[in-house]
Amino acid sequence: DGGFDYDQSAGVNDNLTSSGDSTTGAQDDSADTYFSSVQISRQRTRDEAIEVLQLVVENPEALDESKVVAMQEISKIASAIENEGKIESLVTAKGFDKCIAVISDSGCNIIVKTSSALMPNQVAQIQEIVYEQAGILPANTKIIEKIA
């Protein structure tokens with residue numbers, strides 16, 4: 001089909017759950033470090049993908065169809081980045097200390113820092129934000145709690 005089958009969450013670990021005791025500063029530091037490392041991993045993966053796609057666009061020997069597909073993929077990544085930022089801002093506005101959204105072709109992973117298990121209404125709020133910002137259905141939204 002000439003398309004790139006790029007999973008935008010590549011390099012971001014799917015086993016992102018852990019628990020900790022919110023009464024210890026070390027656990028809180030660990031959670032902050034965790035969120036920072038996931039953000040760096042997500043950015044590095046995106047930068048590498050865009051670099052490869054840009055090489056296709058700039059290659060004078062590449063087929064026009066390949067260049068069009070590469071430009072579409074770059075646009076898709078840019079859109080995902082924009083939607084992730086909006087989702088993260090809105091989720092933190094709901095009272096969560098930290099949030100990372102990772103949009104891929106298969107859906108969206110949301111990682112939230114919380115002091116206890118999420119309540120059903122919190123899950124529904126997050127799912128609604130994802131749907132409103134990115135059009136991703138709740139069935140395709142995975143919410144991962146990082147208890148700190």
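Tutor: Accessible areas here come from the Shrake-Rupley method with a 1.4 Å probe. The model is a predicted one.

Student: How much area does the chain expose, and what share do carbon and sulfur atoms supply?

Tutor: About 8300 Å² is exposed by the chain, with 49% of it supplied by carbon and sulfur atoms. Of its 148 residues, 36% count as buried.

Student: What pattern do the helices and strands follow along the sequence?

Tutor: The order is α-α-β-β-α-β, from a total of 3 helices and 3 strands. Among contacts between residues at least 6 apart in sequence, 68% join residues at least 24 apart.

Student: Turning to Val112, where is it found? Is it buried or exposed?

Tutor: Val112 belongs to strand E2, which covers residues 107-114. Its relative accessibility is 0%, so Val112 counts as buried.

Student: Which residues is Val112 in contact with, leaving aside neighbours within four places in sequence?

Tutor: Its contacts include Phe35, Val91, Phe96, Cys99, Leu118, Ile126 and Lys146. Cys99 lies 13 residues from Val112 in sequence, while their C-alpha atoms are 4.5 Å apart.

Student: How many aromatic pairs does a search of the whole structure find?

Tutor: The search finds 1 aromatic pair. The ring centres of Tyr34 and Phe35 are 5.5 Å apart and the planes stand at 90 degrees, so this pair is edge-to-face. Tyr34 and Phe35 are both buried.

Student: And what sits over the ring of Tyr34?

Tutor: The charged end of Lys146 does, at 4.5 Å from the ring centre. Lys146 is also one of the residues in contact with Val112, as is Phe35.

Terms used. Residues are numbered from 1 along each chain as its sequence is written. This is a predicted model: local features need pLDDT of at least 70, side-chain atom pairs count only at pLDDT 80 or more; totals for chains, interfaces and linings use all residues. Side-chain values use heavy atoms; hydrogens and water are left out. Helices (H or I, at least four residues) and strands (E, at least two) are DSSP runs, numbered from the N terminus. Buried means under 20% relative accessible area, exposed over 50%, partly exposed in between (1.4 Å probe, protein chains only). Contact means heavy atoms within 4.5 Å. Rings of Phe, Tyr and Trp (its six-membered ring) pair if their centres lie within 6.5 Å; planes under 30 degrees apart count as stacked, over 60 as edge-to-face and the rest as tilted. A charge sits over a ring if NZ of Lys or CZ of Arg is within 6 Å of the ring centre and within 35 degrees of the ring normal.
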